[in-house]
Amino acid sequence: MFMGIIPLKLEKSGEKRYQANAVYGSCSSGYMVWRLFLNLETDAGRQQILWVDFRADAPAQ
């Protein structure tokens, strides 16, 4: 199920490092997968796209 878009503001934290904080929901039913999409532009002007899936499950009780 698509849960919308959460925009992130990247801030430079080093010569070639950036970071951002995000707040996202967890799933009360016990299993939720989120996908982070990154659209990057290299120093050479090329675009690269990366995505990472991660889980935000409800804690085990």
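Which residues does serine 13 touch, not counting residues up to four places away in sequence? Two: Tyr18 and Gln19. Let me place that residue, then walk through the rest of the chain.

First, a word on what we are looking at. This is a predicted model. Mean pLDDT for the protein chain is 82. Residues at 70 or more make up 85% of the chain. Among the strands, E1, residues 11-14, has the highest confidence, with a mean of 93. Confidence is lowest in strand E3, residues 33-41, and the mean there is 84.

Now the overall layout. We have 4 strands and 0 helices. In sequence order the pattern reads β-β-β-β. The chain has 61 residues, and 7% of them count as buried. Its accessible surface is about 6,000 Å². Carbon and sulfur atoms account for 52% of that surface. As for contacts, take those between residues at least 6 apart in sequence. Of these, 29% join residues at least 24 apart.

Start with the N-terminal hairpin. Strand E1 pairs with strand E2, residues 17-19. The sense is antiparallel, over 3 bridges. Between the two strands sit 2 residues. One bridge to look at: glutamate 11 has glutamine 19 in E2 as its partner.

Back to serine 13. It lies in E1. Its relative accessibility is 41%, so serine 13 counts as partly exposed. Its contacts, again leaving out residues up to four places away, are Tyr18 and Gln19.

Next, the second hairpin, E3 and E4. How many bridges join E3 and E4? There are 9, and the pairing is antiparallel. Strand E4 covers residues 47-55. Glutamate 41 stands opposite glutamine 47 in E4. The hairpin has 5 residues between its strands. Look at glycine 45 in this hairpin. Its phi is positive, near 85°.

This hairpin also holds the salt bridge. A search of the whole structure gives 1. Aspartate 53 pairs with arginine 35, and the closest N and O atoms are 2.6 Å apart. Why does that pair tie together separate parts of the chain? Because aspartate 53 lies in strand E4 and arginine 35 in strand E3, so the parts joined are 18 residues apart in sequence. Are the two partners buried or exposed? Aspartate 53 is partly exposed, at 39% relative accessibility. Arginine 35 is partly exposed as well, with a relative accessible area of 44%.

Stay on E4 and move to leucine 50, which is also in that strand. Leucine 50 has a relative accessible area of 40%, so it is partly exposed. Setting aside neighbours within four places in sequence, leucine 50 is in contact with Leu36, Phe37 and Leu38. Now compare positions along the chain. Leucine 50 and leucine 40 are 10 residues apart in sequence. Their C-alpha atoms are separated by 8.0 Å.

Leucine 50 takes us to the surface. Which residues make the nonpolar surface patch of about 460 Å²? They are Ile6, Leu8, Tyr24, Leu36, Leu50 and Val52. So one of the contacts of leucine 50, Leu36, is listed in the patch too. Leucine 8 joins the patch from the segment before E1. Leucine 8 is partly exposed, with a relative accessible area of 37%.

Last stop, beyond the strands. Aspartate 57 is in the segment after E4. Relative accessibility there is 24%, so aspartate 57 counts as partly exposed. How far apart are the C-alpha atoms of aspartate 57 and glycine 30? The separation is 5.1 Å, although the two residues are 27 apart along the chain.

To recap for the screen. E1 and E2 form a hairpin with 2 residues between the strands. E3 and E4 pair antiparallel over 9 bridges. Aspartate 53 and arginine 35 form the salt bridge. The nonpolar patch takes in residues including Leu8 and Leu50.

Technical notes:
Residues numbered from 1 in each chain as written. Predicted model: local features only at pLDDT ≥ 70, side-chain atom pairs only at ≥ 80, totals over all residues. Heavy atoms only, no water. pLDDT = per-residue confidence, 0-100. Salt bridge = Lys/Arg side-chain N within 4 Å of Asp/Glu carboxyl O. Buried < 20%, exposed > 50% of the residue type's maximum accessible area, 1.4 Å probe, protein only. Contact = heavy atoms within 4.5 Å. Pairing = 2+ DSSP bridges. Patch = residues over 30% accessible without salt bridge, like charges linked within 9 Å, V, L, I, M, F, W, Y side chains within 5 Å. Areas by Shrake-Rupley, 256 points an atom, 1.4 Å probe, with all protein chains shown as cover.
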